[in-house]
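Here is a friendly walk through the model on your screen. Keep the viewer open and follow along as the residues come up.

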Amino acid sequence: MARYIIKRILQALPLLIVISLICFMLIQLAPFDVIDTIAKPDMAPEVKEALKAKYGLDQPAYIQYIRWLRQMVSGNLGYSIVTHQSVAFDLAARIPNTILLILPSYLLALAISIVLGLAAGSKRGGRADKIIDTLCSIGMATPTFWIAMMLVYVFGYKFGIFPILGMHTLGQDNSLPDLLMHLILPTVVLTIGDLPGTVRFVRSSTISQYTEDYVMVQKAFGAGRAEILFRHVVKNVLLPVITLVGMSLPRLITGAFITESIFSWPGVGTYFITAIRSFDYPVIMSVMFFSSVMVILGNLLADICYCLVDPRIQAMR
Amino acid sequence: MKRLLTASMILGLSLALQAGAAASPDNDTFIYGIGGDPGNDINTISTSGRYDLTAERILYSPLFNYYGPDDIEYRLAESFDLSEDGLTLTVHLREGVVWSDGEPFTADDVVFTYDKIINTDYANGHDSFVFGDEKVAVEKVDDYTVTFTTPIYSASILENIGAEHYIMPKHIYEGDETLDNNPKNQTPVGTGPYVLEEYAAGQYMKFKANENYFLGKPAIGTLILQFVTDQTSALLALQKGEINALVIDNALDAQDLDTNAVTVHAYPEDRVGYLMFNLSSSRTGDINLRKAVFYALNRTELNIGTYVSEDYYVDAVSFLPYSNPYVTNEVEDYAFDLDKSAEYLAKVEGEVPTLRLAYTANNLTQETQALIIQQELKTAGINVELNAMDGNALVDLWYEENDDYDLTIGGYIMGIDPGSYASLFVSDGSSNFYHLSDEELDGYFASGSVETDEETRKDIYKSAQQRLADLAVQYPIVTNLRLLAVTNDVSGIDEARLIPIYTFSNFDKISFE
């Protein structure tokens with residue numbers, strides 16, 4: 001297993017370089033750069049040129065890329081060209097906030113989805129299935145920002161139960177109750193946003209398992225509905241969910257832009273989008289790099305989990 | 001199960017009570033919601049951007065604030081004398097001022113700051129201090145006197161030297177190679193009304209009143225710049241009292257606010273919004289076509305359609321904002337007249353081309369203006385094709401001579417001296433996006449910048465405004481007002497003085513009722 005993991009990690013390295021190269025090229029292809037974002041209309045062309053020279057943007061693209069790569073390898077993520085702030089400092093401050101928001105909401109959505117998906121899939125066409133399926137359709141058709149705005153308006157403004165902005169009330173940075181109060185509305189929004197897709201995934205996976213021969217065999221042996229579902233079907237249904245979880249890992253880095261924006265949550269999502277808008281390439285490249293690492297890591301972890309959970313796969317290898 | 005339910009309800013209730021009690025700021029904390037995170041690397045040389053500059057003004061002080069020849073607020077300077085030839089400005093500094101770390105402020109700090117600006121080619125305002133190969137000379141006379149000597153006469157010397165240059169401490173930065181990305185910027189030492197207490201990335205910048213502030217300790221103990229990323233939820237937070245002040249992006253929102261909770265202050269940012277022709281396009285060379293377009297536009301309809309209420313804008317007819325001391329209304333204002341438009345259109349040689357109007361995508365104001373312009377010109381028989389573009393890509397296009405667009409919508413905030421507008425309109429101007437080349441206009445800007453007699457200067461710039469209007473390349477639409485909503489428990493907004501970019505001229509004057 002250790003050899004397999006090392007092999008996979010080594011395979012991932014060239015992939016990371018290719019991804020970073022593509023990102024860099026896409027940034028270079030744009031007809032303007034970050035200096036256009038920070039330049040003012042009354043700024044003389046010489047000053048703009050001086051700024052370009054200062055940030056190395058006057059150099060050919062490949063030199064800029066090599067310089068960035070060398071910096072990355074030495075563990076230096078560089079500085080934002082717009083705010084002059086260290087990217088490592090900014091990410092270190094924001095990634096925990098994003099994880100704090102994304103992880104509980106995702107786990108909550110996953111837990112609820114498994115229950116609802118199994119309930120719906122195990123009795124296909126039943127009343128529960130119809131209700132759950134309809135709710136999922138409504139959920140999928142409802143934009144997250146609308147749900148967020150409704151919750152903010154009703155529970156934040158009208159009833160004043162929850163705070164609207166940020167992560168802490170000022171002066172209460174170490175208060176856990178205060179943090180939880182700030183966390184509730186965005187978590188609910190993200191959970192609602194994640195639910196429909198995951199419920200449908202679990203539901204269809206459950207339905208397909210019920211068509212398998214082993215279910216028929218169990219039925220023939222006289223196994224009860226609960227026994228079939230919990231002893232046999234669940235295991236097989238949860239297997240593909242591992243892939244789903246693995247694929248969601250990059251979100252811990254890239255955040256949830258819309259929800260973070262509405263609640264002014266200080267996560268990576270808003271930081272990343274602001275950087276993209278202003279072509280702040282040191283920030284874009286760093287976030288892209290880490291999210292690529294998470295994609296590769298997510299897939300790797302999913303594969304390892306598959307091996308551990310399903311002995312057939314290990315046997316095949 | 002019941003116990004579990006009861007326990008969770010009690011927990012929820014106690015959380016709500018605890019957080020609810022803390023949701024509103026107390027009367028010693030002013031929270032200003034701003035639309036971005038300036039980062040914690042404020043230095044007075046290269047900091048740019050609205051929010052960074054706002055933080056800079058809270059932390060540091062300039063020599064003086066220049067709002068016009070008769071409207072100067074002295075800060076670190078107590079007074080100044082201008083030599084008869086207008087070449088030397090002697091600034092007398094305020095004595096007894098100390099930096100927030102207790103060190104005395106002296107002429108050395110002023111010379112150090114201006115030397116950095118003059119010798120750092122990417123510094124803010126650097127180009128105002130360089131005249132070809134020669135530079136402005138800054139010299140210390142004694143501990144509290146500094147002279148600035150310009151190689152050639154510049155009518156805007158006061159604005160160029162005083163405006164937007166904040167003095168930094170020599171004893172902190174002396175010998176440092178770089179001023180941006182400098183770790184010392186994270187613990188700024190300034191002479192501004194507040195000192196930085198805490199920066200939370202992506203969340204807020206917290207300042208506490210500077211005990212040593214030379215104009216007296218600010219009325220409010222804690223000032224917070226809270227970063228808000230969504231205007232709609234921020235407006236709700238404002239009305240609820242989670243924040244005390246917020247700039248409103250869309251005039252429609254200002255109308256819906258709860259007046260029992262907040263008051264909207266509309267103030268000029270000296271921004272002129274305009275429609276302009278791209279003269280490098282092959283379709284815009286005919287002045288008759290340009291005049292036909294301008295006469296077909298209804299300024300009132302455009303502005304009411306965009307800014308909702310007359311309280312939120314002032315019609316613009318000149319390239320200068322209405323609040324500028326040099327502005328004149330005695331220009332061709334192209335008042336809406338369809339007959340005149342038809343007259344000029346008839347004179348257009350050949351077929352009237354379809355005009356391409358480029359504007360910034362996802363900018364509600366420009367989208368509204370573009371749609372109204374398209375409709376109005378259609379009535380006059382001129383077809384317009386709309387082309388929404390990314391803001392940065394559009395600005396990049398403005399710099400190039402091209403055939404891609406004929407008309408575009410823009411806006412600028414320039415200095416107070418009309419000479420600062422020269423770069424927009426003179427033939428070799430760095431921001432001459434019109435690609436305009438007119439000797440007469442160039443002449444006005446050239447003579448205006450060196451004229452010493454104030455009345456003659458006014459006449460020169462009046463002629464410049466008239467000439468630009470006659471050329472029919474820029475159709476000034478509006479000087480829109482910036483809308484700042486403030487909770488009703490806050491006072492002192494007039495004393496704090498609302499100004500372009502920074503919002504408040506004097507943050508120390510804001511108080512609670």
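Asp270(B) is buried, with a relative accessible area of 18%, because the cut-off for a buried residue is under 20%. In this predicted model, Asp270(B) sits in the loop that joins strand 14 (262-268) to strand 15 (271-277) of chain B. Its backbone deserves a look too: phi of Asp270(B) is positive, about 60°, although the residue is not a glycine.

Chain A offers a similar case. Phe279(A), also not a glycine, has a positive phi near 55°. Its place is the loop between helix 13 (268-278) and helix 14 (281-309) of chain A, and at 17% relative accessibility Phe279(A) counts as buried.

While you are in chain A, take in the whole chain. It has 15 helices and zero strands, and its C-alpha trace spans about 85 × 55 × 35 Å along the principal axes. Of the 317 residues in chain A, 49% are buried. Among the chain A contacts between residues at least 6 apart in sequence, 72% join residues at least 24 apart.

**Serines in chain B**

Back in chain B, three serines can be set side by side.

| Residue | Place in chain B | Relative accessible area |
|---|---|---|
| Ser154(B) | loop between strand 9 (145-149) and helix 4 (157-162) | 9%, buried |
| Ser430(B) | loop between helix 13 (422-425) and helix 14 (439-450) | 21%, partly exposed |
| Ser511(B) | strand 24 (residues 511-512) | 18%, buried |

Which residues does Ser154(B) contact, leaving aside its neighbours within four places in sequence? They are Phe131(B), Asn160(B) and Ser449(B). With the same kind of neighbours left aside, Ser511(B) is in contact with Ala219(B), Ile220(B), Asp489(B), Val490(B), Ser491(B) and Gly492(B). For Ser430(B), look at the backbone: its C-alpha atom is 8.6 Å from that of Tyr399(B), a residue 31 places away along the chain.

**Aromatic rings**

A pair of aromatic rings is described by the distance of the centres and the angle of the planes. Over all chains, the count comes to 37 aromatic pairs. One of them joins Tyr114(B) and Phe129(B), whose ring centres are 5.8 Å apart with the planes at 55°, so this pair is tilted. Tyr114(B) belongs to helix 3 (residues 107-119) of chain B, while Phe129(B) is in the loop between helix 3 and strand 6 (130-131), so the pair ties together parts that are 15 residues apart in sequence. Tyr114(B) is buried at 0% relative accessible area, and Phe129(B) is buried at 1%.

The rings of Tyr295(B) and Tyr334(B) have their centres 5.2 Å apart and their planes at 65°, so this pair is edge-to-face. Here Tyr295(B) lies in helix 8 (residues 287-296) of chain B and Tyr334(B) in the loop between strand 16 (313-315) and helix 10 (338-347), so the pair ties together parts that are 39 residues apart in sequence. Both Tyr295(B) and Tyr334(B) are buried.

Ring pairs also build a cluster in chain B, with members including Tyr274(B), Phe319(B), Tyr326(B), Tyr412(B) and Tyr421(B). Phe425(B), Tyr434(B), Phe445(B) and Tyr461(B) are linked into the cluster as well.

Arginines meet rings too. Arg57(B) lies over the face of Tyr502(B), at 4.7 Å from the ring centre, and Arg299(B) lies over the face of Tyr475(B), at 4.4 Å from the ring centre.

**A pair of helices**

Two packed helices are described by the angle between their axes and the distance between the axes. How do helix 9 (residues 299-307) and helix 11 (residues 364-379) of chain B cross, and at what angle? Their axes come within 9 Å and cross at roughly 145°, and the crossing of helix 9 and helix 11 of chain B is right-handed.

On the helix 9 side of chain B, the residues that meet helix 11 are Glu301(B), Leu302(B), Gly305(B), Thr306(B) and Tyr307(B). Facing them in helix 11 are Thr365(B), Thr368(B), Gln369(B), Ile372(B), Ile373(B) and Glu376(B). The residues of this contact divide into four nonpolar, five polar and two charged.

Methods:
Residues are numbered from 1 along each chain as its sequence is written. Chains are lettered from A and ligands numbered from 1 in the order in which they are written. This is a predicted model: local features need pLDDT of at least 70, side-chain atom pairs count only at pLDDT 80 or more; totals for chains, interfaces and linings use all residues. Side-chain values use heavy atoms; hydrogens and water are left out. Helices (H or I, at least four residues) and strands (E, at least two) are DSSP runs, numbered from the N terminus. Buried means under 20% relative accessible area, exposed over 50%, partly exposed in between (1.4 Å probe, protein chains only). Contact means heavy atoms within 4.5 Å. Rings of Phe, Tyr and Trp (its six-membered ring) pair if their centres lie within 6.5 Å; planes under 30 degrees apart count as stacked, over 60 as edge-to-face and the rest as tilted. A charge sits over a ring if NZ of Lys or CZ of Arg is within 6 Å of the ring centre and within 35 degrees of the ring normal. Axes are lines fitted to C-alpha atoms, for helices over the stretch in contact, and angles run from 0 to 180 degrees between N-to-C directions. A crossing is left-handed if the near helix is turned anticlockwise from the far one by less than a right angle, and right-handed if clockwise. Ala, Val, Leu, Ile, Met, Phe, Trp, Tyr, Cys and Pro count as nonpolar, Asp, Glu, Lys and Arg as charged, and the others, Gly among them, as polar.
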